[in-house]
Amino acid sequence: MLIAGSLPAAAHALGCAAVEDVDVAPELVRELDLAVLLGICDFVGRAAARVALPADPADVVPAADRHRWIAGHWVRALAAEGWADVDGSGLLRSVRSPRRAELAAAREAITVSVAGLGYPPALATYVLDSLRALPSLLTDEVTAQALLFRDSERATADAAYRDNPVNRYLNAAAASVVADLVRARGGLRVLELGAGTGATTADLLPALAGTGSDYLFTDLSPLFLRDAAARFADHPYLRFRLVDFTEPLEPQVREGDFDLVVAVNTAHNATDVPDLLRQVTGLLRADGALLLVETCHEHHQSLASMPFLLSPRPGGRPVVRTDLRAGTTRTYLTGPEWASAAKGAGLEQVVDLPPPDHPLAAFSQRLAVFTPSSKRSRTP
């Protein structure tokens, strides 16, 4: 069994040890947010100058059908900062026009902030390239995936999801949780949902080596599965499977009775988070655990890239959220919303890291661990 009293402290301690060589300045998160949003503001403002306002933001910025929602999402962020005026029906009435000197300062701030937050230079390059490519990203002449995995290399993706202080902290803390489970019961049956590039998987595997564990690595992308099979070829206890968790899980993952379900920066992609959590509860053993890493606030710095990764596939149907995000373009749930959804699914939270007063809390990425409550009802 997980020991709720000692587990958070141990996980936090190992997370801190992984970043003890880094001095993060939390205020740079806000500086990076505003610098990226200013670049978007300039792009939207120049597009707005070519049309008659007020207008639907989707009609202001030329975009492929699957990306038409993004302009409205941007405009709401601009309005929240007082940089755009939107009427009661969502029409764009005006938008700020940044000066050249401001834009030059913003580009410099992106480079300085990324470095000051401990990210590799590859991330600053990715952010600046994404801002320059906004017209082509919107019209599908360039894809966000192509920028993220330039020349089939993982350097940029690793900069975003692994080689930085907040992810080093979270991955080390997550590995501590897995090690605690191994100490308690030996080999584990693990299911990872939306494993992607395996950025967190790589840090979890050492605790499982030689324990007789079974690890089912799943993702929606055959490319990620092929890459992971090659990358983790020396871990024979890994299995790989295509799984789309926007569809019912049980027909895709029939094994059930997992000791641990892992979902890192992916569960928010569910169309109905409470329903996904109920399904996960039904796959867990009575003494199992769900390990989540989630962004709990949408920072402006992600707006030049993340929305394009969230659009439906070319020719696909728009994503329709049926949970508390229904009728909005929200991507993420807050920490309390995750806890509430988990409680409704029969799960109790035993870990919530980093602590709110820790500098890394400014990134709004959190490690949450949940265990089935004694009163849970399993999904049939």
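These exercises work through a predicted model of one protein chain.

Residues are numbered from 1 along each chain as its sequence is written. In this predicted model, local features need pLDDT of at least 70, side-chain atom pairs count only at pLDDT 80 or more, totals for chains, interfaces and linings use all residues, and side-chain values use heavy atoms, with hydrogens and water left out.

**Exercise 1. Confidence**

State the mean pLDDT of the chain and find where pLDDT stays under 50.

- Step 1. pLDDT is the predictor's confidence in each residue, from 0 to 100.
- Step 2. The chain has a mean of 93, and 96% of its residues reach 70 or more.
- Step 3. Residues 375-380 stay under 50. For them the model has 14 contacts (heavy atoms within 4.5 Å) beyond four places in sequence.
- Step 4. Where pLDDT is low, the predicted coordinates should not be read in detail.

**Exercise 2. A helix pair**

Describe how helix 2 and helix 5 pack.

- Step 1. Helices (H or I, at least four residues) and strands (E, at least two) are DSSP runs, numbered from the N terminus. Helix 2 spans residues 27-48, and helix 5 spans residues 100-116.
- Step 2. Their axes are 8 Å apart, at an angle of about 145 degrees. Axes are lines fitted to C-alpha atoms, for helices over the stretch in contact; angles run from 0 to 180 degrees between N-to-C directions.
- Step 3. The crossing is left-handed: the near helix is turned anticlockwise from the far one by less than a right angle.
- Step 4. Helix 2 contributes Leu28, Glu31, Leu32, Ala35, Val36, Leu38 and Asp42 to the contact. Among the helix 5 residues are Leu103, Ala106, Ile110 and Val114.
- Step 5. The contact residues divide into 10 nonpolar, 2 polar and 3 charged. Ala, Val, Leu, Ile, Met, Phe, Trp, Tyr, Cys and Pro count as nonpolar, Asp, Glu, Lys and Arg as charged, and the others, Gly among them, as polar.

**Exercise 3. An aromatic pair**

Classify the ring pair of Phe43 and Trp74, and say whether each residue is buried or exposed.

- Step 1. Rings of Phe, Tyr and Trp (its six-membered ring) pair if their centres lie within 6.5 Å; planes under 30 degrees apart count as stacked, over 60 as edge-to-face and the rest as tilted.
- Step 2. The centres of Phe43 and Trp74 are 6.1 Å apart and the planes stand at 85 degrees, so the pair is edge-to-face.
- Step 3. Phe43 sits in helix 2 and Trp74 in helix 4 (residues 68-80), 31 residues apart.
- Step 4. Buried means under 20% relative accessible area, exposed over 50%, partly exposed in between (1.4 Å probe, protein chains only). Phe43 has 9% and counts as buried. Trp74 has 0% and also counts as buried.
- Step 5. Phe43, Trp74 and Phe308 form one aromatic cluster.

**Exercise 4. A covered helix**

How many residues of helix 13 are buried, and which elements do they pack against?

- Step 1. Helix 13 covers residues 273-283, and 9 of its 11 residues are buried. Among them are Val273, Leu276, Leu277 and Val280.
- Step 2. The buried residues pack against strand 3 (189-193), strand 6 (258-264), strand 7 (284-295), helix 15 (335-344) and strand 8 (347-353).

**Exercise 5. Backbone exceptions**

Locate the cis bonds at Pro54 and Pro354, and the positive phi of Asp257.

- Step 1. Most residues other than glycine have a negative phi, and most peptide bonds are trans.
- Step 2. Leu53 and Pro54 are joined by a cis bond, omega about 5 degrees. Pro54 lies in the loop between helix 2 and helix 3.
- Step 3. Leu353 and Pro354 are also joined by a cis bond, omega about 0 degrees.
- Step 4. Asp257 has a positive phi of about 50 degrees. Asp257 is partly exposed, at 41%.
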